[in-house]
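Please work through the exercises below with the sequence and the three-dimensional structure open beside you. Each task is followed by a solution that proceeds step by step.

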Amino acid sequence: MEKPKPGPGEVLLKVAGAGACHSDVAVFREFTEEFGPAQLKPSFILGHENSGWVEELGEGVAGIEIGAAYLVYGPIGCGHCAACSRGQDTYCENAATMPYLASGLGRDGGMAEYLAVPARNLVPLGDADPVAAAPLSDAGLTPYHAIKRALPVLAGGGKYALVIGLGGLGQLGVQILKALTGATVIATDNKEDAMRRAEEAGAVTVPGGPDQATAIRELTGGRGVDAVFDFVGVAPTIKLAMDSVALKGRVTVVGIAGGVYDWNFYGVPYEADLSSTYWGTIEELHEVVALYREGKITPEVEIFALDDALEAYRKLEAGELSARAVVAPHGK
């Protein structure tokens, strides 16, 4: 492709890494002319988990060093509504009228050699490895935002957190919970290898099965967990979350598989919150990068060349990856 030119207020990055995400699969498999956000109609380059080295500055950009490594905050809102002023472009009040949602979601993303992004969306990486850092812009930020929202119910001793689904987001979710809280982290997945890696990060694991919720509650002395993070989002995992949560606990459905839950007053613990969430703020991405640079969170990645990007997506869709696929156009 032709090398992009950064517009006013933009920066051109030489792409270090671009993470392949299940959301991308939804874009090219599920979204059609009739279904899905209007901004995601073809054609554009995928890749919303991006990092890179500054190659060129657009008009009006100052204070950014050529050659420095940055992580890219993907969401791009209008920049002037209340949500955008908080750095929460994900909830832009004018999203419906925006021509795109994010880098790689309606606007050309990082599955290319070069990427133009707004200068305000850059988070400095310093001397940290930018290739391995790429997934942090979603697979790190999304669980971080969900966990920060739940910190009030995890404050204090004797608290429990449950992570359902141990893919890229779930594994980082375990690490973030261990870094931010003193809670006992319980994790569950159908893959033994995924649970083993969660155990290495400090989690107590529970295998799948008909007595899964009972086993989780037994670990808490029968009380239930204070915060549940469902990184899958199908009906059975949402039910497991609600069956495992404690009185006044919080369940956050992060996975976007579209599962439904049949709520009724007597079927759930009193004052148990059930919430969704979406991505996070650029301020929180700065905090995620701080954890990464301090060695408190480490994404597991499998590196692919740009010519092998389609193979990365094939393996992702087939469930053949044990780590986050990262396309590195210029090599590792």
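The exercises that follow concern a predicted model.

**Exercise 1. Determine the place of Leu 136, and decide whether Leu 136 is buried or exposed.**

Solution. Begin with the chain: Leu 136 lies in the loop between α3 (130–133) and α4 (141–154). Next take the accessibility, where the relative accessible area of Leu 136 is 0%; since the cut-off for buried is under 20%, Leu 136 is buried. Then look at the surroundings: apart from residues up to four places away in sequence, Leu 136 touches Leu 71, Leu 141, Leu 172, Leu 285, Val 288, Tyr 292, Ile 297 and Pro 299. For one of these, Leu 71, the separation along the chain is 65 residues, while the C-alpha atoms of Leu 71 and Leu 136 are 8.1 Å apart.

**Exercise 2. Describe how α4 and α9 pack, and which residues in each helix meet.**

Solution. Two quantities are needed, because packed helices are described by the angle between their axes and the distance between the axes. For α4 and helix α9 (residues 282–293), the angle is about 105° and the axes are 10 Å apart. The angle therefore makes α4 roughly perpendicular to α9, given that 65 to 115 degrees counts as roughly perpendicular. At the residue level, α4 contributes Leu 141, Tyr 144, His 145 and Lys 148, which meet Glu 284, Leu 285, Glu 287, Val 288 and Leu 291 of α9. Sorted by class, this contact has 5 nonpolar, 1 polar and 3 charged residues.

**Exercise 3. Identify which residues touch the most other members of the largest nonpolar core, and follow the contacts of Phe 229.**

Solution. The largest nonpolar core has 63 residues, and Met 111 and Phe 229 are those that touch the most other members. Leaving out neighbours within four places in sequence, Phe 229 is in contact with Ala 146, Ile 147, Ala 150, Ala 161, Leu 162, Val 163, Ile 164, Leu 177 and Thr 252. There is also a second, separate core of 18 residues, and among its members are Ile 186, Ala 213, Ile 216 and Val 268. Turning to Thr 252, this residue is found in strand β12 and is buried, with a relative accessible area of 0%. With its neighbours within four places in sequence again set aside, Thr 252 contacts Ala 146, Val 228, Phe 229, Asp 230, Ser 275, Ser 276 and Thr 277.

**Exercise 4. For helix α6, find which residues are buried and where they lie around the axis.**

Solution. In helix α6 (residues 192–200), the buried residues are Ala 194, Met 195, Arg 197 and Ala 198. Viewed down the axis of α6, these buried residues fall within an arc of 160°, so they line one face of the helix. The face turned away from that buried side carries the exposed residues Glu 192 and Glu 200. As for packing partners, the buried residues of α6 pack against α5 (168–180), β9 (184–188) and β10 (204–205). After α6 comes Gly 202, with a positive phi near 110°.

**Exercise 5. State what phi is at Lys 248 and at Trp 279, and compare their settings.**

Solution. The background is that most residues other than glycine have a negative phi. Lys 248 nevertheless has a positive phi of about 60°, and the phi of Trp 279 is also positive, near 55°. Lys 248 is found in strand β12 (residues 245–253) and is exposed, with a relative accessible area of 56%, whereas Trp 279 lies in the loop between β13 (273–276) and α9 and is buried at 4%.

Terms used
Residues numbered from 1 in each chain as written. Predicted model: local features only at pLDDT ≥ 70, side-chain atom pairs only at ≥ 80, totals over all residues. Heavy atoms only, no water. Helix = DSSP H or I, 4+ residues; strand = E, 2+ residues; numbered from the N terminus. Buried < 20%, exposed > 50% of the residue type's maximum accessible area, 1.4 Å probe, protein only. Contact = heavy atoms within 4.5 Å. Axes fitted to C-alpha atoms, helices over the stretch in contact; angles between N-to-C directions. Parallel < 35°, antiparallel > 145°, perpendicular 65-115°, else oblique. Nonpolar A, V, L, I, M, F, W, Y, C, P; charged D, E, K, R; others polar. Core = buried A, V, L, I, M, F, W, Y, C linked by side-chain atoms within 4.5 Å. Arc of directions from axis to C-beta.
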